[in-house]
Amino acid sequence: MSWRTPRTARRRALFIFPRTPGAVTANDAVFPFPLVGLSQLAAYFEPDFEVRIHDETRAPLRRLPAADLVLVTTLTSTAARAYEIADAYRAAGVPVVLGGVHATMLPEEAAPHADAVVVGEAEPVMERLVADAAAGRLRPVYRAETRPDLDDLPVPAVHLLSRRHRFFMGGIQTSRGCPQRCNFCSVPATFGRRLRVKSLGALDRELAALARVTRRRLFVVDDNFTLARERALAILELFRRHGFRWMGFSNLAVSEDEDFLRALRRSGCLSLFIGFESLHAHALFHKNDRYHDPAEMRRAVARIHAHGIGIQGSFIFGFDGEGPEVFEETAAFIQETGIELPAVNILTPFPGTALFDEMERAGRLLHRDWSRYDMSHVVFEPRGMTPAELQQGYAWTLKYLASPTSILRRLGRRTVDTPYFLVANFALRNAQTRLARRLWNPPVQADLESRGLLCRS
Ligand code: SF4
């Protein structure tokens with residue numbers, strides 16, 4: 001594991017996506033999420049380095065694999081685990097680079113655990129970092145002065161991902177940045193508020209590479225793929241030409257454009273991931289759309305469904321003004337509208353967001369145990385209910401939506417893609433029920449039931 005390796009051997013760079021030991025998350029599926037970011041950065045190290053990507057969500061690191069350089073990405077919820085891995089490698093004399101969204105937001109916290117911290121988007125500093133690593137002279141901080149032109153990025157090294165990462169779906173990023181200002185979201189701080197895009201030529205090359213190593217199913221990881229309509233239409237044609245079925249992030253406004261919906265479906269769109277956020281607090285974040293009440297949302301869902309496109313709907317609990325009645329109301333909305341793949345989360349003030357600063361100023365943060373800043377645990381004082389009620393209401397909703405009866409009922413609207421959504425729901429079900437069981441609080445459940453706020457589950 002020494003930094004110096006024989007002259008003839010290539011140096012070994014190991015990328016690690018950490019996971020907190022024993023953690024259970026609601027999105028632990030049989031097939032892991034495609035690691036688009038890490039495979040993108042890994043491409044800078046080939047062919048000079050021998051590169052591996054290790055995803056702890058698939059297999060915890062029980063012993064440290066041999067490496068000459070270790071690069072660990074950080075989310076807030078995995079920061080402590082990332083530091084633990086980093087400390088172990090450094091104790092063994094292996095240099096460590098920390099990057100990712102948490103290290104970007106709190107570089108001074110990450111610095112004592114690393115030889116180098118990458119702040120912000122890594123690509124503009126990668127060539128320098130690779131050269132410094134090869135020379136054994138890492139700098140303490142790599143901070144990009146500019147945001148990268150996405151056409152300058154190498155084709156992601158998807159061949160380095162495990163078969164399991166590629167089997168269910170590949171991933172692609174066609175743009176970065178989001179002009180919205182949702183106060184809980186770190187995307188504008190991480191990628192900026194201006195939409196930057198990859199050219200069609202670059203995407204064509206990337207899709208050709210993905211077609212060779214995936215089953216032609218694709219997750220478009222852009223934060224809002226349909227934001228720039230004309231550009232999206234051109235990309236849809238590429239998806240169609242390469243024969244991909246795909247899913248990606250969008251918003252409810254897409255439901256107003258029949259031609260666009262037709263083009264989405266024709267291009268192989270399986271489902272759109274839509275942030276409803278909250279049935280009553282939606283207006284806080286999406287001021288310019290008209291989906292400020294559940295009836296409008298219902299009509300939008302129906303219009304999208306009418307084109308044979310499924311919906312992965314994201315809902316967040318704990319906004320100011322929401323009381324404990326929100327759980328049953330949201331679950332009923334999901335079931336009645338037939339949202340195929342619901343994702344429920346607890347509002348989480350991540351460091352670096354406006355929400356974190358607001359909560360900190362107001363003294364509403366309960367603690368700074370980052371491992372519980374995972375959108376499944378309550379880490380702040382809500383306004384409309386107690387922390388225990390928010391925690392239990394979340395567990396109840398998770399359990400309710402993951403029950404076989406609920407899954408089969410909401411998928412009752414049969415389409416050609418129903419088998420896909422059945423598999424996806426049941427692939428997530430185990431983790432969701434395990435998490436609900438772990439969080440379950442019988443006295444709070446009994447109290448909410450006695451007040452008519454939650455039915456027996
Ligand atoms: S939640 Fe979505 S729309 Fe809002 S800022 Fe983040 S990426 Fe943009």
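Confidence in this predicted model averages a pLDDT of 92 across the chain, with 95% of residues at 70 or more. The weak spot is residues 1–8, where pLDDT drops below 50. Even so, that stretch makes 21 contacts in the model beyond its near neighbours in sequence. For the complex, the predictor reports an ipTM of 0.99 alongside a pTM of 0.92.

Turning to the fold, the chain is built from 17 helices and 14 strands. Its radius of gyration comes out at 22 Å, close to the 23 Å that the globule rule gives for 457 residues, so the chain is as compact as a globular protein of that length. Laid along its principal axes, the C-alpha trace spans about 70 × 50 × 35 Å.

As for packing, buried residues account for 57% of the 457 in the chain. Contacts also reach across the sequence: taking those between residues at least 6 apart, 72% join residues that are at least 24 apart.

Then there is the surface. The chain exposes about 19300 Å², and 52% of that area is supplied by carbon and sulfur atoms. On the charge side, counting side chains over the chain gives 60 positive and 51 negative. The centres of these two sets lie 6 Å apart.

Notes:
Residues numbered from 1 in each chain as written. Predicted model: local features only at pLDDT ≥ 70, side-chain atom pairs only at ≥ 80, totals over all residues. Heavy atoms only, no water. pLDDT = per-residue confidence, 0-100. Contact = heavy atoms within 4.5 Å. Helix = DSSP H or I, 4+ residues; strand = E, 2+ residues; numbered from the N terminus. Rg over C-alpha atoms; globule rule 2.2 N^0.38 Å. Buried < 20%, exposed > 50% of the residue type's maximum accessible area, 1.4 Å probe, protein only. Areas by Shrake-Rupley, 256 points an atom, 1.4 Å probe, with all protein chains shown as cover. Lys, Arg positive; Asp, Glu negative; His and termini not counted. Charge placed at Lys NZ, Arg CZ, Asp CG, Glu CD.
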